[in-house]
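Hello,

Here is the structure I promised to pass on. Please open it first, then read my notes below.

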Amino acid sequence: MPSPWAAHEAEAGGWIRRMFLEGQRLKAEFGADAVADLSLGQPLEAGDAVREAFAKAAADTFPGRFGYMPNSGYPAVRERCAADVQSDGVTAACITVTSGAAGAIALALRTFVSAGDTIVATAPFFPEFRLYAATLGSPFAVVATKDGAIDAAAIAEVLDDNTGALILNSPCNPSGHVISDAEYSAVATVLESHRRRTGRAVLLIVDEVYRRLHYPPAAAADPLKHWDNTVLARSFSKDLGVAGERIGYLVIHPSVAADTTERAIEMCARALGFVNAPATAQRAL
């Protein structure tokens with residue numbers, strides 16, 4: 001019987017996974033130096049300091065070392081992640097440690113978006129965004145950009161009464177575009193206009209998995225200061241070279257941080273089967 005996911009898998013970038021596997025086969029046959037793998041984002045190998053941190057974390061012993069911790073992550077790790085965000089008002093209460101940025105995006109959708117609401121993304125986009133929407137049972141809509149830059153007017157045309165979330169990616173995979181403060185401001189203006197017209201506050205999800213890999217003249221902007229219904233999905237996969245360790249974090253806007261929100265996020269993580277991010281990876285951080 002054909003899998004009901006077959007069409008989604010093909011459309012959402014199953015070819016990337018197949019390219020990666022073919023790259024692995026070719027490297028084994030011809031040597032790693034002979035193959036340029038442009039499939040999955042693995043720009044770095046873990047450095048000595050990262051390897052030492054993981055070795056130290058793995059060797060650490062105390063009662064419950066490999067047991068459950070609070071679903072949102074170790075308190076000290078959440079504090080450190082909050083400091084890393086460098087945005088006014090962000091505290092540990094805004095942080096949930098996740099299984100990578102993908103886990104953060106899926107968790108944000110499950111927590112803050114109703115099943116069946118449309119998920120919008122700007123093109124070009126990471127193909128698996130479409131799978132995250134399908135998992136929620138939501139339609140997926142794509143809006144064009146202008147030479148990679150955000151086109152706020154085009155976003156305004158796509159938003160409707162059924163829109164639940166807008167996903168942006170900065171720096172963008174695959175275009176490399178870094179979203180500026182002016183672009184975030186323009187998007188916020190569109191979202192505020194939409195809120196006044198429909199009464200719905202669209203969730204803005206910003207995938208910042210490549211946040212440490214931008215170069216002058218591009219400069220990182222703070223999406224949280226522009227729209228109060230914003231969450232950030234972050235990961236250490238790219239800048240620390242630990243993609244296989246699946247460690248990242250979700251940042252929610254300080255205006256929605258509350259005990260009830262934290263409990264909702266925790267239960268959605270359990271519903272998705274994440275429970276909590278890996279203990280050793282958290283302690284290595």
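The lining of the largest pocket divides into 10 nonpolar, seven polar and four charged residues. Bear in mind that this is a predicted model. The space in this pocket is about 430 Å³. In total, 21 residues line the pocket, and those closest to its centre are Ala102, Phe126, Glu128, Lys238 and Arg246. Helix 5, residues 100-112, gives the most to this lining, with three residues.

Helix 5 deserves a look of its own. Its 13 residues reach 18 Å from the first C-alpha to the last, close to the 18 Å expected at 1.5 Å a residue. The helix is mostly covered, with 10 of its 13 residues buried. Among the buried ones are Gly100, Gly103, Ile105, Ala108, Leu109 and Thr111.

Now the core. The largest nonpolar core has 75 residues, and Leu109, Ile119, Phe129 and Ile205 touch the most other members. Helix 5 supplies the largest share of this core, six residues. In soluble globular proteins, nonpolar side chains tend to be buried together.

What is Ile205 in contact with, leaving aside its neighbours within four places in sequence? Three of the names fall in the helix 5 range: Ile105, Ala108 and Leu109. The others are Ala165, Leu166, Ile167, Leu168 and Val231.

To sum up, helix 5 gives the most to the pocket lining and the largest share of the core.

Best wishes

Key
Residues numbered from 1 in each chain as written. Predicted model: local features only at pLDDT ≥ 70, side-chain atom pairs only at ≥ 80, totals over all residues. Heavy atoms only, no water. 1 Å grid on protein atoms, 1.4 Å probe; cavity = no way out; pocket = protein on both sides within 12 Å on 5 of 7 lines; lining within 4 Å. Points joined across faces, edges and corners; volume = space filled by probe spheres on them. Helix = DSSP H or I, 4+ residues; strand = E, 2+ residues; numbered from the N terminus. Nonpolar A, V, L, I, M, F, W, Y, C, P; charged D, E, K, R; others polar. Core = buried A, V, L, I, M, F, W, Y, C linked by side-chain atoms within 4.5 Å. Buried < 20%, exposed > 50% of the residue type's maximum accessible area, 1.4 Å probe, protein only. Contact = heavy atoms within 4.5 Å. Expected span 1.5 Å × (residues − 1).
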